[in-house]
Amino acid sequence: MGAQRTKVALFVFALLSASLSGCFGDSLEILPERKGIPGGLTLACLQDDAYTSMVIEIDYEAGYKPMTSSTDMLVDRLESVCDKPGGISIDFTEVDFGHSGDWSANDVREEAWDNKDTSPREGSILTWQIIFPSGTYADSSVLGVAVDASTVALFGDSIQTANGPFNRPSVEDVENSVIVHEVGHLLGLVNLVYQSPVDHEDEDNEGHSNNDDSVMYWAIESADLANFIFGTLPNDFDDDDLADLAGMADGSIKVTDQLWS
């Protein structure tokens, strides 16, 4: 089991579902600055030992700025689990990534780091970055991807076509859920940098929940979420997710692969 978890942490496994093939980065360059793996700055967010405030840097191409409901919801979700007495804020910047063709995980990582306003760890401020580029991922059914400890991408072109019949779920519902889902991976969910005492990881989709009431449910970041037409698309962490986050925060659950500890 330990060897298997190491593979998960390094993200060199082949994801079993084609629709999830872009969920995590396929390779992680750690020099000249350590970029880490999704979950590598989990404790930096959950605790206030080193970082007392947090900025979400959102870099978007023209026409791809996220909806206010999505960014407001993201801040609300982070504030509910992260110890940041100095607050959590959003910094928006319109950029031109100058990228042509489909996106790979490495494309996301390189373009994101080329456009970061600051280091993820600057003084007492923790900064996570979400990019909203034009175009689609190499697997166009992938709606979002987490590529390292501080970087996420959401693909607006794919999100726009992921709404279900009769606009249920709506494009806004989809974006709301996907943004929280991907940042959930930066928080280490599910079992990316720890082992939950509760069996709630989907056996066929590592790093994801088996509960379709959790925003970390495996289908959230793929076009498969259109199947939620007869229900409500989840946009919040479930009780097991929250218990995992609380356990990591208070030290009762061991956390590995942290960049700052």
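The exercises below, each with a worked solution, concern side-chain contacts in a predicted model.

Residues are numbered from 1 along each chain as its sequence is written, and side-chain values use heavy atoms, with hydrogens and water left out. Local features need pLDDT of at least 70 and side-chain atom pairs count only at pLDDT 80 or more, while totals for chains, interfaces and linings use all residues.

**Exercise 1.** Find which cysteines form a disulfide, and state where in the chain they lie.

*Solution.* Start from the criterion, a pair of cysteine sulfur atoms within 2.5 Å. C45 and C82 satisfy this criterion, with their sulfur atoms 2.1 Å apart, and the count comes to 1 disulfide. Next, place the two residues: C45 belongs to helix 2 (residues 42-46), whereas C82 is in the loop between helix 3 (68-81) and strand 2 (88-94), so that the link joins distant parts of the chain, 37 residues apart (helices, H or I, of at least four residues and strands, E, of at least two are DSSP runs, numbered from the N terminus). Finally, check exposure: C45 and C82 are both buried, that is, under 20% relative accessible area with a 1.4 Å probe and protein chains only, where exposed means over 50% and partly exposed lies in between.

**Exercise 2.** Determine over which ring the charged end of K35 sits.

*Solution.* Apply the test that NZ of Lys or CZ of Arg be within 6 Å of the ring centre and within 35 degrees of the ring normal. The charged end of K35 sits over the ring of W113, 4.6 Å from its centre. K116 also lies over the face of W113, at 4.8 Å from the ring centre.
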